[in-house]
Amino acid sequence: MNLQGFVCTTCGKFYSSLPQGMICEDCTQQGILDVVYDYQAIAKEFHPTTLRLNPDSSMWRYLSLLPVKEKPKQGLHVGGTPLYSSQAFASQVGLKSLYIKDDGLNPTGSLKDRASIVACVKAIEEGKTILCCSSTGNAASSLAGNAAKLGLQTVIFVPKRIPIGKRTQLQLFGSHVIVVDGDYKAAFQCSKQAIETFGFYNRNAAINPFLVEGKKTVALEIAEQMQFQNIDWVVVSVGDGCTIAGVYKGFYDLFQLGLIKSIPKLLGVQASGCRPFVDAWEHQRDVQESEEQTLADSIAVGIPRNPKKAIRAIQESKGCFVSVSDEAILSTMAFLGKTEGLFVEPASAAGFAGLIEAFQKGIIRSEETVVVINTGNGLKDIENAKKAVSELDITPNDWESVKQLFHKEGIL
Ligand SMILES: *Cc1c(COP(=O)(O)O)cnc(C)c1O
Ligand SMILES: [Zn+2]
């Protein structure tokens with residue numbers, strides 16, 4: 001392992017091993033830790049040539065840059081998702097060079113698999129057999145699936161409004177699901193108490209510093225798929241802020257290793273009905289609690305748990321936050337389906353809608369190279385997807401009626 005230790009994102013205190021509770025002993029709540037690596041040691045074994053010769057197409061091809069002793073032997077295949085060059089969507093938006101990283105193709109259908117499998121491996125290293133988290137859905141279902149494959153148990157607290165597809169997925173993976181009569185905040189509080197009381201392995205992304213490390217592999221893949229060439233912007237939707245923090249960390253690592261010339265600007269996208277980061281950004285103040293009024297449930301996070309790392313990602317990359325309405329999210333979902341053959345969930349569509357918003361505001365310019373990440377597969381949330389398409393009429397079962405429909409619908 002090339003891990004040197006941990007540093008507090010608030011006070012800068014260094015820890016050579018992870019403190020009990022996973023956060024800084026001096027800063028408590030705000031003391032989220034960052035993993036620190038020995039980049040000199042990594043540079044010896046990690047460069048484009050060794051990567052080319054590495055036959056592992058999963059995220060474990062970046063083992064040198066991950067905080068685990070060894071890769072799991074029996075795990076699901078996480079990472080190695082395609083990076084598409086976008087044609088129709090790009091030209092409609094007005095961009096010359098747009099790429100889509102399809103992380104909806106991970107085994108349980110979202111980018112969260114990258115963090116969850118790291119949690120499982122760390123739990124095994126620590127000799128724990130039960131993992132626990134609270135989640136609006138994907139963190140939980142990815143944990144449940146990856147844990148199932150590795151023979152681990154999961155206890156998962158979910159808010160009442162979790163879409164039925166995601167809830168069912170959890171149950172199918174054999175998880176102990178506890179539906180809390182409340183919102184995400186309530187579910188988070190319950191999981192925190194359960195972890196403290198019973199000593200479960202903690203997969204709450206903001207607190208556990210290893211999870212951002214898993215998520216960063218999406219950035220490592222994007223960079224490698226782009227042959228370490230210049231990328232101007234990477235766009236991703238933001239809830240807790242751990243995904244964008246992970247994306248930043250991946251590019252930061254590559255920059256430290258001299259593999260990329262600059263860190264791409266990051267565009268963080270929130271829903272208008274739940275935009276604590278955008279408000280903090282626009283008013284230059286700390287993140288405050290916000291309402292959770294959006295159909296994009298995976299980013300409906302009223303109290304983000306990782307504000308420091310997310311804001312740092314935007315600040316240090318010279319990026320920006322924007323927000324988009326639910327209407328924009330739905331119309332972008334339909335548009336993506338039509339132009340790219342991609343079925344994304346609302347939280348993921350928010351990123352794409354944010355790209356359009358940023359382009360229209362002049363934040364992103366047409367000659368810039370942009371990568372947008374599909375963070376989650378749309379099949380899990382059919383209820384909301386239905387709102388993005390029209391109701392279908394039933395056609396009488398005779399050829400005349402069918403033929404008429406062809407003319408009416410303008411199919412021919
Ligand atoms: C979790 C999630 C996000 C946002 O990630 P955060 O770490 O909460 O900011 C975006 N899209 C999807 C599909 C997600 O599951
Ligand atoms: Zn501290």
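Visitor: Is Cys11 buried, partly exposed or exposed, and what is its relative accessibility?

Guide: Please note that this model is predicted. Burial is judged by relative accessible area, with under 20% counted as buried and over 50% as exposed. Cys11 has a relative accessibility of 41%, and therefore counts as partly exposed. Cys24, by contrast, has a relative accessible area of 2%, so Cys24 is buried.

Visitor: Which residues coordinate the zinc ion (ligand 2)?

Guide: The sulfur atoms (SG) of Cys8, Cys11, Cys24 and Cys27 coordinate the zinc ion (ligand 2), at 2.3 Å. Along the chain, these donors follow the spacing C-x2-C-x12-C-x2-C. Cys11 lies in the loop between strand S1 (3–8) and strand S2 (14–15), while Cys24 lies in the loop between S2 and strand S3 (33–37). The two are 13 residues apart, and the pair links distant parts of the chain.

Visitor: What is the geometry of the site of the zinc ion (ligand 2)?

Guide: The ideal angle for four tetrahedral donors is 109.5 degrees. In this site, the angles among the 4 donor atoms run from 103 to 113°, and the site is tetrahedral.

Visitor: How many residues does the largest nonpolar core have?

Guide: In soluble globular proteins, nonpolar side chains tend to be buried together. Here the largest nonpolar core has 77 residues, and Phe46 and Phe251 have the most contacts inside it. Helix H4 (residues 113–125) supplies the largest share of this core, 7 residues. A second, separate core has 36 residues, among them Leu336, Ala347, Ala350 and Val372.

Visitor: Which residues is Phe46 in contact with, leaving aside its neighbours within four places in sequence?

Guide: Phe46 is then in contact with Leu51, Tyr62, Ser64, Leu65, Leu254, Leu257 and Leu259.

Technical notes: Residues are numbered from 1 along each chain as its sequence is written. Chains are lettered from A and ligands numbered from 1 in the order in which they are written. This is a predicted model: local features need pLDDT of at least 70, side-chain atom pairs count only at pLDDT 80 or more; totals for chains, interfaces and linings use all residues. Side-chain values use heavy atoms; hydrogens and water are left out. A nonpolar core is a set of buried Ala, Val, Leu, Ile, Met, Phe, Trp, Tyr and Cys residues joined through side-chain atoms within 4.5 Å. Buried means under 20% relative accessible area, exposed over 50%, partly exposed in between (1.4 Å probe, protein chains only). Helices (H or I, at least four residues) and strands (E, at least two) are DSSP runs, numbered from the N terminus. Contact means heavy atoms within 4.5 Å. Donors are N, O and S atoms within 2.8 Å of the metal (3.2 Å for Na, K and Ca); water is not among the atoms, so sites may look incomplete. Four donors count as tetrahedral if all angles lie between 85 and 135 degrees; four count as square planar and six as octahedral if opposite donors are over 155 degrees apart and all others between 65 and 115; anything else is irregular.
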